[in-house]
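Reader: I'm new to this structure and would love a close look at a single part of it. Please choose one helix, start from one of its residues, and then show me what lies around it.

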Amino acid sequence: MPINQCKRYFLKECNSIDEFWKELCPEKPLGHKRGRFIYRGQRDDTWPLVPSILRINEKINGKSPIRCEEQVRNELMILNYFVDQCDLIGISIINDSLEFRKKYLDFKVGNGNDKSFIDPSNWPSEELLELMALAQHCGVPTSLIDWSKRSYVAAYFAASSALKHYEENNDKKLAVWALDIEKIKLYKNIKLIKVPGSTSNNLAAQSGLFTFLKQPGKMGDIFSPKFLENEFKNTPDTPLWKITLPVKYSVEILKLCKLYGVSGATLFPNYNGASRSVLDYINTILIK
């Protein structure tokens, strides 16, 4: 299979399930060079690597442009609302204390977020990253992007989502992104965020971790977000790969994932995970 090299990433276009599965095999290094890869699955190969908070910007703000400091305020408001809802049902948040809340969750002048409003490129404070990771893994939109240390976990998410939206996706390709985390140490705008597995059962089951891309802009500037893959557009040896496969092979992907112990139930070890596995099963029947 030919490998196409874009300025931003290496592209491997697979045409069979066997070819796709072999590319994701942990024993086979991408590009024939050993690296430490993390993986992300998406149901549409045309989608960029965009954090969830940026995907909902237009829904929140409409088509009107916003300034960089307003984007910071919106993200902090959503994070605060997550904390409020945790308080409402009596569950703890990570690194919680009165001092932490006053310094990093308060909007008042003099707290730890002042420098982020003055210079939005400082957002978020280092101390907020673990809380953002917890919120992100619970489905709250943040500036982080989810990844997994396991390639077949990413394949599951790509296939499961593609089947759920099969009618609009059946003539498209799904994608698994792979990022060499040894190489991204060279990129100062990218942070790799790991949190303890005890933070969330789902996080542990999925071998989950996150990336954060520092966004440009000063107070008063119109917020113009950049995508992760564009960080590598002028890089001669990009650390990013994209492996694609036609969506029509999604059922076969889920079957192979199940053989390797990867399913909705194992990745979400609770009743919701069991339900997710049932829905995956139903979706595989409906498209036959």
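## A close look at helix α4

Author: Glutamine 85 has a relative accessible area of 31%, so this residue counts as partly exposed. Before we go further, please keep in mind that the model is predicted. Glutamine 85 sits in helix α4, and that helix will be our home base. To get a feeling for distance, compare glutamine 85 with isoleucine 282: 197 residues separate the two in sequence, and their C-alpha atoms are 33 Å apart in space.

Let's stay on α4 and move to aspartate 87. With a relative accessibility of 39%, aspartate 87 is also partly exposed. Its partner is arginine 101, and the two form a salt bridge whose closest N and O atoms are 2.7 Å apart. Since aspartate 87 belongs to helix α4 and arginine 101 to helix α5 (residues 98–104), the pair ties together parts that are 14 residues apart in sequence. Arginine 101, for its part, is partly exposed at 24% relative accessible area. There is a third member to meet as well: Asp87, Asp96 and Arg101 are linked in a network of salt bridges.

How many salt bridges does a search of the whole structure find? The count is 8. Another one joins the side chains of lysine 191 and glutamate 126, at 2.8 Å from N to O. Here distant parts of the chain are linked, because lysine 191 is in strand β6 (residues 190–193) and glutamate 126 is in the loop between α6 (114–118) and α7, 65 residues apart. Lysine 191 is partly exposed at 31%, while glutamate 126 is exposed at 51%. A further bridge brings the side chains of aspartate 237 and lysine 183 together at 3.0 Å, N to O. Aspartate 237 is in the loop between β7 and β8 (240–246) and lysine 183 in the loop between β5 and β6, so this pair ties together parts that are 54 residues apart in sequence.

Now back to α4, where enclosed space comes into the picture. There are 2 cavities of 30 Å³ or more, and the largest holds about 190 Å³ of space. It is lined by 21 residues, and those closest to its centre are Glu75, Ser143, Phe212, Leu213 and Gln215. Two or more lining residues come from each of α2 (52–55), α4 (68–88) and β7 (208–213). Which of the elements gives the most to this lining? Our helix does: α4 contributes 4 residues. By class, the lining of the largest cavity has 15 nonpolar, 4 polar and 2 charged residues.

The second largest cavity has a volume of about 50 Å³. Its lining is made up of Glu75, Leu79, Trp123, Met132, Pro141, Thr142 and Ser143. That lining splits into 4 nonpolar, 2 polar and 1 charged residues.

Next, the open spaces. The largest pocket offers about 1100 Å³. Of the 35 residues that line the largest pocket, Arg40, Arg55, Asp146, Phe157 and Arg276 lie nearest its centre. Among the elements giving two or more residues to its lining are α2, β4 (144–148) and α8 (151–164). The class count for this pocket is 15 nonpolar, 13 polar and 7 charged residues.

Helix α8 deserves a moment of its own. Its 14 residues reach 20 Å from the first C-alpha to the last, close to the 20 Å expected at 1.5 Å a residue. Why is α8 described as largely enclosed by the rest of the structure? Because 11 of its 14 residues are buried; among them are Tyr152, Val153, Tyr156 and Leu163.

The second largest pocket has a volume of about 290 Å³. It has 14 lining residues, with Leu254, Lys258, Asp280, Tyr281 and Thr284 nearest its centre. Helices α11 (250–259) and α13 each give two or more residues to this lining, and α13 gives the most, with 5.

One last stop is aspartate 171, in the loop between α9 (166–169) and β5 (173–180). With a relative accessible area of 64%, aspartate 171 is exposed. The C-alpha atoms of aspartate 171 and valine 247 are 6.8 Å apart, although their positions lie 76 residues apart along the chain.

Notes. Residues are numbered from 1 along each chain as its sequence is written. This is a predicted model: local features need pLDDT of at least 70, side-chain atom pairs count only at pLDDT 80 or more; totals for chains, interfaces and linings use all residues. Side-chain values use heavy atoms; hydrogens and water are left out. On a 1 Å grid over the protein atoms alone, a cavity is a set of points where a 1.4 Å probe fits but cannot get out, and a pocket is an open set with protein on both sides within 12 Å along at least five of seven lines; lining residues have an atom within 4 Å of a point. Grid points are joined across faces, edges and corners, and a volume is the space filled by probe spheres set on the points. Ala, Val, Leu, Ile, Met, Phe, Trp, Tyr, Cys and Pro count as nonpolar, Asp, Glu, Lys and Arg as charged, and the others, Gly among them, as polar. Buried means under 20% relative accessible area, exposed over 50%, partly exposed in between (1.4 Å probe, protein chains only). The expected span of a helix is 1.5 Å times one less than its number of residues. A salt bridge is a side-chain nitrogen of Lys or Arg within 4 Å of a carboxyl oxygen of Asp or Glu.
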